[in-house]
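Subject: Structure handover

Hello,

Here is the structure I promised to pass on to you. Please open it alongside this message and have a look at your leisure.

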Amino acid sequence: MIGKLSLLEQRATALAVFWMAYFVVCQIVSEDRRFEVLAPLSLAAFYGIPACLYAAWLWKSRRRSAEKTGLREATATVRPGWLYPRIDVYLERDYKLLQTRRSLRIAPRFQGLGKVPVFIGGEETDMIVIFPRGRFSKDTLYAVPVKEIEPDTD
């Protein structure tokens with residue numbers, strides 16, 4: 001299952017290669033006056049390349065952290081959140097409060113269901129929670145980058 005995380009890293013790297021090719025093509029084609037509008041569009045590639053390389057580096061770091069700690073079975077409850085929902089993770093003898101590092105588009109499906117079986121791996125800021133998707137295939141998983149936060153004491 002951890003090996004599937006390398007696919008996310010590979011996708012981000014492939015997108016960086018795409019943006020590089022797009023940038024080069026825009027620069028070459030924009031030399032012709034008819035296509036000079038492509039020169040400003042190549043700026044999108046200029047920003048896309050480092051963003052994709054950074055995403056690939058982050059997924060590689062998360063995969064290595066998960067390989068080091070291994071995946072542990074747990075149950076999770078998704079708390080509603082405007083942009084970054086929080087996830088209560090209940091391990092066999094432990095509890096962790098995690099915050100997603102990006103928006104969680106599957107959050108509405110898991111909110112209100114109670115405890116959902118998940119896998120958790122990694123440590124500190126390089127953690128992942130793997131949710132089952134199961135809409136079309138029971139083998140499809142949804143990896144969510146998370147970080148551990150301190151529980152509210154309010």
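Below are my notes on the fold, the second helix and the strand pairing.

This is a predicted model, in which local features need a pLDDT of at least 70, side-chain atom pairs count only at pLDDT 80 or more, and totals for chains, interfaces and linings use all residues. Residues are numbered from 1 along each chain as its sequence is written, and side-chain values use heavy atoms, with hydrogens and water left out.

First, confidence. The protein averages a pLDDT (the predictor's confidence in each residue, from 0 to 100) of 79, and 81% of the residues score at least 70. Helix α3 (residues 107–110) has the lowest confidence, with a mean of 56, while strand β4 (residues 116–121) has the highest, at 87.

Overall, the protein has three helices and six strands (DSSP runs numbered from the N terminus: helices are H or I, at least four residues; strands are E, at least two). Their order from the N terminus is α-α-β-β-β-α-β-β-β. Of the 154 residues, 35% are buried (under 20% relative accessible area; exposed is over 50% and partly exposed in between, with a 1.4 Å probe and protein chains only).

Now to helix α2 (residues 38–69). Its 32 residues should span 46 Å at 1.5 Å a residue (the expected span being 1.5 Å times one less than the number of residues), and the end C-alpha atoms are 47 Å apart, which agrees. Even so, α2 bends by about 25° at G48, with a proline, P50, following within four residues (the bend is the angle between axes fitted to the seven residues ending there and the seven starting there). G48 is also one of the buried residues of α2, which include I49, C52, L58 and W59. The cover over these buried residues includes α1 (5–29), β4, β5 (127–132) and β6 (141–149). K68 lies in α2 too, but counts as exposed because its relative accessibility is 63%. Just after the helix, G70 takes a positive phi of about 80°.

Finally, the strands. β4 pairs with β1 (residues 72–79) in the antiparallel sense over five bridges (pairing needs at least two DSSP bridges between two strands), and P117 of β4 stands opposite T75. β4 also pairs with β5, again antiparallel, over three bridges, with I130 in β5 as the bridge partner of F119. These two strands form a hairpin with five residues between them, and G122 in the turn has a positive phi of about 90°.

Best wishes

Key. Contact = heavy atoms within 4.5 Å.
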